[in-house]
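Hi,

Here is the structure I promised to pass on. Have a look at it first, and then read my notes below.

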Amino acid sequence: MTFLRRALLAFAVVWGACGLALATVPRWILVGWFSQAPYPDYTYVRICGVASIGMAMLAVLVSRKLDEIWWWSWAFAFTCVLVAVITAMHALLGPPPGSGSFLWWLFAGVSAALAVGLMLGMGRAGQEKPFA
C-alpha cells in the first residue's frame with residue numbers, strides 16, 4: 001500500500017499545484033510560460049483549476065483510507081490516462097496557430113507517468129489486499 005499511497009500523494013501534489021496556478025493566474029501561466037494563444041476569457045480555465053484542486057483533495061482522502069478503498073484509485077488512473085491521450089493527440093494534431101506544443105507534451109508526459117505510478121501501485125495493493 002505504501003507505493004500506491006505515494007503515487008496518490010504525487011498525483012495530489014501535481015494536480016493541486018497546477019490547479020492552484022490555473023485558478024489564480026491562468027493567463028500568466030498559459031501565455032507567459034507556455035506560449036499559448038491568448039484566450040478572450042479564462043473563466044473555464046479557472047474552473048478546471050478548481051476542479052483539479054478538488055481531485056487532488058479526493059486523492060489525499062483516498063490515500064488516508066487505502067486499506068478499505070484502495071481500488072478507488074482507478075478513478076485517478078482513468079483520468080490521468082484520458083488526459084494523457086487527449087493532450088498527446090492535441091500536441092500531435094497541432095495546437096491552434098500562435099500556440100506552442102511544449103505545454104501539451106509536458107501535460108501528456110506527466111499525466112502518463114502519474115497513470116503508470118497509480119497502476120503499478122494498484123497492482124501491488126491488489127496483491128496485498130485482494131478482493132474477497
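Start with the nonpolar patch on the surface: about 1000 Å² made by Trp71, Trp72, Trp74, Val81, Val85, Met89, Leu92, Leu93, Trp105 and Met119. Keep in mind that this is a predicted model. Which helix gives the most to the patch? That is α5, with six residues. Both α5 and α6 supply at least two residues each.

One member of the patch, Trp72, sits in the loop between α4 (66–69) and α5. Its relative accessibility is 43%, so Trp72 counts as partly exposed: buried would need a value under 20%, and exposed one over 50%. Trp72 also has a partner to look up, Val62. The two are 10 residues apart in sequence, and their C-alpha atoms are 7.1 Å apart in space.

Now for the chain as a whole. There are six helices and zero strands, so if you read from the N terminus on, the order of elements is simply α-α-α-α-α-α. The C-alpha trace spans about 55 × 30 × 20 Å along its principal axes. Of the 132 residues in the chain, 37% are buried. About 7800 Å² of the chain is exposed, and carbon and sulfur atoms supply 74% of that area. As for contacts between residues at least 6 apart in sequence, 72% of them join residues at least 24 apart.

Next, α6 (102–128). How does the span of α6 agree with what its 27 residues should give? At 1.5 Å a residue, the expected value is 39 Å, and the end C-alpha atoms are 39 Å apart, which agrees. The buried residues of α6 include Leu103, Trp104, Ala108, Ser111, Leu114 and Ala115. Further along α6, Gly117, Leu118, Gly121, Met122 and Ala125 are buried too. What covers the buried residues of α6? The cover includes α1 (2–24), α2 (26–33) and α5. So α5 turns up twice: it is part of that cover, and it also gives six residues to the nonpolar patch.

Just before α6 there is a loop worth a click. Ser99 lies in the loop between α5 (74–93) and α6. Is Ser99 buried or exposed? It is buried, because its relative accessible area is 17% and the cut-off for buried is under 20%. Leaving aside residues up to four places away in sequence, Ser99 touches Ser35, Gln36 and Ala37. With Ala37 there is a polar pairing: a polar atom of the Ser99 side chain lies 2.8 Å from the backbone nitrogen of Ala37.

That brings us to Ser35, one of the residues that Ser99 touches. Ser35 is in the loop between α2 and α3 (43–64). With a relative accessible area of 43%, Ser35 is partly exposed, whereas Ser99 is buried. The backbone of Ser35 deserves a look as well, since its phi is near 55°, a positive value in a residue other than glycine. Most residues other than glycine have a negative phi.

If you want a short route through the model, begin at the patch with Trp72, go along α6 and its buried residues, and end where Ser99 touches Ser35, Gln36 and Ala37.

Cheers

Key
Residues numbered from 1 in each chain as written. Predicted model: local features only at pLDDT ≥ 70, side-chain atom pairs only at ≥ 80, totals over all residues. Heavy atoms only, no water. Helix = DSSP H or I, 4+ residues; strand = E, 2+ residues; numbered from the N terminus. Buried < 20%, exposed > 50% of the residue type's maximum accessible area, 1.4 Å probe, protein only. Polar contact = N/O pair within 3.5 Å; in protein donor to acceptor, adjacent residues only side chain to side chain. Contact = heavy atoms within 4.5 Å. Patch = residues over 30% accessible without salt bridge, like charges linked within 9 Å, V, L, I, M, F, W, Y side chains within 5 Å. Areas by Shrake-Rupley, 256 points an atom, 1.4 Å probe, with all protein chains shown as cover. Salt bridge = Lys/Arg side-chain N within 4 Å of Asp/Glu carboxyl O. Expected span 1.5 Å × (residues − 1).
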